[in-house]
Amino acid sequence: MAVKSAVFDAGRLWLPSQVNVGRALEIVSSFAAGAMLVVTVAASVNEQATVESGGGVIETHKAPPGGTLAPPTREWMIAAYSGSPYTYDSDVTIKAQGVHDFVVKDVEWLGKPFINPVYYGVRIARWFDGGRAGSMLDFTHSKAISRPDRNAKFEGILGGQPAPETALIKDVFKKLEASHGHNMLTLNGLLRLPTFSARVSPYVGLGAGISLPHSEVHVKTDPARTYEYQYAGPVGQALIGLEIRLPRMSYFIEYKFSVAPYEMPLTHQDGTLLIFDVWRQFARWWRGEPPPGGYASTTFISHQIVGGLGVRVGAPSMAVD
């Protein structure tokens, strides 16, 4: 019974609140359903676009005039990319029982993609028979940094006292950002669209996953900062891109849209590495230990433009004369 009680209490203390869980589950289920729809439609399109030949499946599209093009079938692609994000303003809520219960309205977030640590991403994609449907594991390291010199509206209780109606962010927070990573790990369904060139392949995708930010939050009245990697909640993303295919490599440019509801435990501790920090978070959750600084919550909604380079493995050779 003690273990059962601890797990129940831990669920209240260390996982997102029931309201946020419901909202998060709605987001994840919507994106997951969409990803399944992408794969299902892609499989149907692929089936209609292929014919049987000698016991194998060959995609029925024509080679370009004056040349030949082996159709894309089963292949892997390992890729890296960089880009630039834009994150919408959002409200930030800080709750710590008996100390804080306030909201900062419309916090402006900066991406600073080309200042260290830079914006980057890595992925591994798998295209199935026929090359129309695929899946992708995608990791994105973005950033969300509040503007310390911006005047913001406050509502609620700050440090046991009524919060000021307006104040500069830097007058209330020493830190309010995820600058070592608004990190997103997602599993995506992919669908190649009809192509207009032998070398150019448009595609779309939809997926869901988890947010693993490096949370950097320090309310000035608190005794210490939170500076560690954390699991902060689910994330969903949609994307559309254009792949330029060379014999064994591909360039791509892509637009991504992501939604990430965050709930970060304010531990008042400095972390080390992602795996150790997240394990420590899980251990505290299991023991039912409340975070001493309460929680910081917000939602990051972002547009991202990225470009990258990938190496394809197991792909048929492309030859265009």
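Good morning. The accessible surface of the protein chain comes to about 15600 Å², and 64% of that surface belongs to carbon and sulfur atoms. The model I am presenting is predicted. The chain has 321 residues, and buried residues make up 48% of them. Its secondary structure consists of four helices and 20 strands. Among the contacts with a separation of 6 or more, 75% are between residues 24 or more positions apart.

Let me turn to confidence before the details. The average pLDDT of the protein chain is 81, and 75% of the residues score at least 70. Over residues 1-71, however, the pLDDT is below 50; this stretch has 101 contacts in the model beyond near neighbours in sequence. The pLDDT is also below 50 over residues 317-321, a stretch with 15 contacts beyond near neighbours in sequence.

I shall begin the tour with strand β13, residues 173-192. How many of the 20 residues of β13 are buried? The count is 15, so this strand is largely enclosed by the rest of the structure. Three partners of β13 deserve mention. Strand β9, residues 133-146, runs antiparallel to β13 and is joined to it by 12 bridges; within this pairing, Phe-139 has Leu-185 as its bridge partner. Strand β14, residues 200-211, also pairs with β13 in the antiparallel sense, over nine bridges, and here Leu-190 is matched with Gly-205 of β14. Finally, four bridges join β13 to strand β15, residues 214-219, again antiparallel. In that pairing, Leu-176 stands opposite Val-217.

One residue of β13 merits a closer look, namely Thr-186. Is Thr-186 buried or exposed? Its relative accessible area is 1%; the cut-off for buried is under 20%, so Thr-186 counts as buried. The side chain of Thr-186 makes a polar contact with the side chain of Asn-188, at 3.0 Å, and another with the side chain of Gln-237, at 3.2 Å. Leaving aside residues up to four places away in sequence, Thr-186 touches Met-136, Leu-137, Asp-138, Ala-208, Gly-209, Val-235 and Gln-237.

I now move to the nonpolar interior. The largest nonpolar core has 27 residues. Which residues have the most contacts inside this core? They are Ile-94, Phe-102, Val-104, Phe-154 and Phe-173. The elements giving two or more residues to the core are β5 (90-96), β6 (100-107), β10 (151-158), α3 (169-172), β13, β15, β18 (249-265) and β19 (295-313). Apart from this core lies another, of 12 residues, with Met-77, Leu-190, Phe-252 and Val-306 among them. Leu-190 is thus a member of that second core as well as the bridge partner of Gly-205.

Ile-94 illustrates the surroundings of a residue in the largest core. Beyond residues up to four places away in sequence, Ile-94 touches His-100, Asp-101, Phe-102, Phe-173, Val-219, Leu-266, Tyr-295 and Ala-296.

The next topic is strand β10. Five bridges join β6 to β10, and the two run antiparallel; in this pairing, Lys-105 has Lys-153 of β10 as its bridge partner. Strand β11, residues 161-162, pairs with β10 in the antiparallel sense over two bridges, one of which matches Leu-158 with Gln-161. The hairpin of β10 and β11 has two residues between the strands, and in it Gly-159 takes a positive phi near 60°. Strand β12 is joined to β10 by three bridges and is likewise antiparallel to β10; there, Asn-151 stands opposite Leu-168.

Within β12, which covers residues 166-168, we find Ala-167. Ala-167 has a relative accessible area of 11% and is therefore classed as buried. How far apart in space are Ala-167 and Lys-153, C-alpha to C-alpha? The distance is 6.7 Å, for a pair 14 residues apart in sequence. Setting aside residues up to four places away in sequence, Ala-167 touches Arg-150, Asn-151, Ala-152, Phe-154 and Val-172. Among these neighbours, Asn-151 is the residue that stands opposite Leu-168, and Phe-154 is one of the residues with the most contacts inside the largest nonpolar core.

To close, I return to two points. Strand β13 is largely enclosed, with 15 of its 20 residues buried, and β13 is also among the elements giving two or more residues to the largest core. For residues 1-71, please bear in mind that the pLDDT is below 50. Thank you.

Notes. Residues are numbered from 1 along each chain as its sequence is written. This is a predicted model: local features need pLDDT of at least 70, side-chain atom pairs count only at pLDDT 80 or more; totals for chains, interfaces and linings use all residues. Side-chain values use heavy atoms; hydrogens and water are left out. Buried means under 20% relative accessible area, exposed over 50%, partly exposed in between (1.4 Å probe, protein chains only). Two strands pair if DSSP finds at least two bridges between them. Contact means heavy atoms within 4.5 Å. A nonpolar core is a set of buried Ala, Val, Leu, Ile, Met, Phe, Trp, Tyr and Cys residues joined through side-chain atoms within 4.5 Å. A polar contact is a pair of N or O atoms within 3.5 Å; within protein, one must be able to donate a hydrogen and the other to accept it, and residues adjacent in sequence count only if both atoms are side-chain atoms. Accessible areas come from the Shrake-Rupley method with a 1.4 Å probe; for residues, only the protein chains shown count as cover. pLDDT is the predictor's confidence in each residue, from 0 to 100.
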